[in-house]
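I opened this model to look up a metal site, some charged pairs and a piece of sheet, and I kept these entries as I went.

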Amino acid sequence: MKYCRFMSNGKPQWGLVEESQGELVGELVIVAATDSPEQDFANVCAIPPLPLSQAELLAPVQPGKIICVGRNYRDHAKELGNDVPLEPLLFWKPVSSLLAPGGVVRMPRASERVDFEGEIALVIGKRARWLSADQNLSEYVHGFTLANDVTARDLQKKDGQWTRAKGFDTFCPVGPLVDTSITLDRVASGITLETRVNGDLRQHGSTADFIFSLPHLLEYITAAITLEPGDLLLTGTPAGVGPLAAGDRVEVSAEGLGVLSNPFAPEEN
Ligand code: MG
């Protein structure tokens with residue numbers, strides 16, 4: 001199942017997303033809406049198909065926490081002159097950094113270099129602590145979505161700690177949908193992830209190239225931290241990251257997950 005969250009008649013709703021029929025072949029459309037993601041979409045009235053690109057989308061997740069993995073693709077670690085990590089490198093983004101698909105990323109005056117990082121994100125499905133990479137982890141995986149781990153690269157180096165550089169308001173666009181049919185095995189076998197800036201292809205990677213697999217990451221994280229349903233795990237970015245200018249538009253895409261598109265503009269106030 002693929003679903004999104006969107007504004008309908010001034011109210012946030014959850015929408016079932018399907019490939020459209022007839023004239024809109026190939027386009028992802030919202031075909032049903034509910035008041036809660038737990039409600040069965042089969043039990044609600046269908047709505048006239050609304051193209052995803054025309055919907056006023058909200059972030060399709062409401063996580064209690066956003067955990068991120070740094071340098072989880074060998075070629076990306078090398079491009080920034082870093083060693084390939086021997087253990088997962090974890091950091092947080094605050095939930096206040098969440099941004100809807102299509103929302104404007106505000107480039108802070110405090111930074112002279114704001115980078116995009118296209119990523120696949122795992123949505124946790126069940127409370128988890130002390131998981132083992134060897135056990136069946138499917139019940140802990142609710143689904144997958146796309147994210148942009150926007151980073152003030154100069155502040156990341158200057159501060160040492162990454163909290164500010166990764167944590168500005170609007171620095172975590174997520175969406176446009178959650179796909180609950182993608183499995184850990186599917187991710188391990190390789191999902192192609194691409195990032196475009198103003199239409200130019202800048203990142204082209206595969207999740208088959210993760211340094212640390214998702215089962216390994218879930219074991220490592222839950223040895224320290226309890227994960228709750230809805231929590232988000234950003235899984236790292238492939239090579240090709242780079243600086244942005246005001247007016248740029250970044251599109252992160254992957255097979256089955258649609259396109260996460262956000263414009264960048266100067267900070268207000
Ligand atoms: Mg990242």
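**Metal site**

I began with the donor residues of the magnesium ion, which are spaced E-x1-E-x29-D in sequence. The pair of Glu 117 and Asp 149 links distant parts of the chain, 32 residues apart: Glu 117 sits in the loop between strand 10 (114–116) and strand 11 (118–124), and Asp 149 in the loop between strand 12 (141–148) and strand 13 (151–152). I noted that the model is predicted, that local features need pLDDT of at least 70 and side-chain atom pairs pLDDT 80 or more, while totals for chains, interfaces and linings use all residues. Residues are numbered from 1 along each chain as its sequence is written, and side-chain values use heavy atoms, with hydrogens and water left out.

I then read off the coordination: Glu 117 (OE), Glu 119 (OE) and Asp 149 (OD) coordinate the magnesium ion at 2.0 to 2.1 Å. Donors here are N, O and S atoms within 2.8 Å of the metal (3.2 Å for Na, K and Ca), and water is not among the atoms, so the site may look incomplete. Helices (H or I, at least four residues) and strands (E, at least two) are DSSP runs numbered from the N terminus. Both Glu 117 and Asp 149 are buried, where buried means under 20% relative accessible area, exposed over 50% and partly exposed in between (1.4 Å probe, protein chains only).

**Charged pairs**

I next went through the salt bridges, each a side-chain nitrogen of Lys or Arg within 4 Å of a carboxyl oxygen of Asp or Glu; the structure holds 16 of them. Asp 149 forms one with Lys 166 at 2.8 Å, N to O. Asp 149 lies in the loop between strand 12 and strand 13 and Lys 166 in helix 3, so this pair ties together parts 17 residues apart in sequence. Asp 149 has 0% relative accessibility, and Lys 166, at 2%, is also buried. I found that a network of salt bridges links Lys 93, Arg 113, Asp 115, Glu 117, Asp 149, Arg 153 and Lys 166.

Arg 106 and Glu 268 meet through their side chains in another salt bridge, at 3.3 Å from N to O. Since Arg 106 is in strand 9 (residues 105–107) and Glu 268 in the segment after strand 20 (258–266), the pair ties together parts that are 162 residues apart in sequence. Arg 106 counts as partly exposed, at 25% relative accessibility.

**Around Thr 170**

Which backbone nitrogen does the side chain of Thr 170 reach? I traced it to that of Arg 106, at 2.9 Å. Thr 170 lies in the loop between helix 3 (163–167) and strand 14 (172–179), and is buried with a relative accessible area of 14%. Leaving aside neighbours within four places in sequence, I listed its contacts (heavy atoms within 4.5 Å) as Ser 96, Ser 97, Leu 99, Val 104, Val 105 and Arg 106.

**Strand 15 and its partners**

I closed with strand 15 (residues 192–197), which is joined to strand 16 (residues 200–206) by 6 bridges in an antiparallel arrangement; two strands pair if DSSP finds at least two bridges between them. Arg 196 has Leu 201 as its bridge partner in strand 16. The hairpin of these strands has 2 residues between them, and Asn 198 takes a positive phi near 50 degrees there. Strand 15 also runs antiparallel to strand 19 (residues 249–254), with 5 bridges, and I noted Glu 194 opposite Ser 253 in strand 19.

Methods: A polar contact is a pair of N or O atoms within 3.5 Å; within protein, one must be able to donate a hydrogen and the other to accept it, and residues adjacent in sequence count only if both atoms are side-chain atoms.
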